[in-house]
Amino acid sequence: MSLTNRIIILMVFLIGIVEANSNILVYKIVNKTHEITAESVAAGLEKEGYVVSKNQDMNGPYLKQFGKSTFHSYNLMSVYQPEFAKKMVLKDVKGGIFVPFSVAVYQKNKEDSIYIALLSARAQQRILKLHDNLFDKLEVLNKSTIKKLFPQASLVKLPYESLENSKGFYTKYSFDVEDEDASDEYDDMMMMMQGNIKTGGFVVANYINYNEVLKDEDINDYIFYHSYSLCKLKIIYELSKKTPEAGSFAPCTMIIYHKKGSNKTEIISLNINSLISILALKDKSLLDMLNSTQKAMVSIIQDSIE
């Protein structure tokens, strides 16, 4: 192991000792005059080499659909760092469910601070059951970037620990398709899936044709590779009232890809167990809503590939 990798791993280990929460990183920044906004956070990330593929205001839809909000502002971003994203996908394709990853930026009504929340490397690896120091290196970069942009930012101790959960945190579907038929089969599947997504009350909050990104880097491993960021407004509204850092999961990414020579199309998505466990959710009404949503999402995918 190189000296650089050893230093990075040591840094992550030491950071883990002093930080109480090891799954969600929540930064607090004093913002009495509302000078810092989700737009300025996004602009800062882009200046530091990140791609912010979506910066979605959620507070407007909250007020429009539910008539009230506990927030002055609440934004969900879909973000990726190009070099790390490419390395993750090429090393283990399921890492693509964090390409992009989610960043929540929010400030509550009558509060003087704005918050930035995102999943830690430990949470990402726990969800994927994949241990790779690429995640640790990205976390070090994320932390140093936030501190560079906002030197006054401080990490917040969340008032809960994650729950143990033996269930899988992501769901994978696979079906046989000859390579030459893959694109046509994908088009047929998506016609059905998009209709089911809309009927089920889900929204495609963001879309990336990630294969085009890879091709720009002269990587031609896939016939197609699509990334869909899915959201259900009622779910994130209810979650954000009690645990605003839940936005670090939202919108959830679903990837659909077909690797050349595999004769197989695959779909991978986050499932509801990851939220329940890492956010330590115990409220019965929330759990019922989340489990119902998971069943609906499973049905949408299964109906589309049968």
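**View 1. What lines the largest pocket, by residue class.** In this predicted model, the lining of the largest pocket breaks down into 8 nonpolar, 4 charged and 1 polar residues. That makes 13 lining residues, and if you're looking for the centre, Tyr106, Tyr115, Leu158, Pro244 and Glu245 are the ones that lie nearest to it. The space in this pocket comes to about 190 Å³.

**View 2. Cys231 and Cys252, two cysteines without a disulfide.** How many disulfides does the structure hold? The count is 0. Take Cys231: its closest cysteine sulfur belongs to Cys252, and at 8.0 Å that's too far for a bond, given that a disulfide needs the two sulfurs within 2.5 Å. Seen from the other side, Cys252 is in no disulfide either, with the sulfur of Cys231 as its nearest cysteine sulfur. Are these two cysteines buried or exposed? Cys231 counts as buried because its relative accessibility is 10%, while Cys252, at 23%, counts as partly exposed.

**View 3. Ser229 and its contacts in strand S9.** Zoom in on strand S9, which covers residues 222-231, and you'll find Ser229 there. With a relative accessible area of just 1%, Ser229 is buried, as the cut-off for that is under 20%. Which residues does Ser229 touch, leaving aside those up to four places away in sequence? There's the run Val203, Val204, Ala205 and Asn206, then Pro251, Cys252 and Thr253, plus Ser78 and Pro100. Cys252 turns up here again as a contact of Ser229; it's the partly exposed cysteine from View 2.

Technical notes: Residues numbered from 1 in each chain as written. Predicted model: local features only at pLDDT ≥ 70, side-chain atom pairs only at ≥ 80, totals over all residues. Heavy atoms only, no water. Buried < 20%, exposed > 50% of the residue type's maximum accessible area, 1.4 Å probe, protein only. Helix = DSSP H or I, 4+ residues; strand = E, 2+ residues; numbered from the N terminus. Contact = heavy atoms within 4.5 Å. 1 Å grid on protein atoms, 1.4 Å probe; cavity = no way out; pocket = protein on both sides within 12 Å on 5 of 7 lines; lining within 4 Å. Points joined across faces, edges and corners; volume = space filled by probe spheres on them. Nonpolar A, V, L, I, M, F, W, Y, C, P; charged D, E, K, R; others polar.
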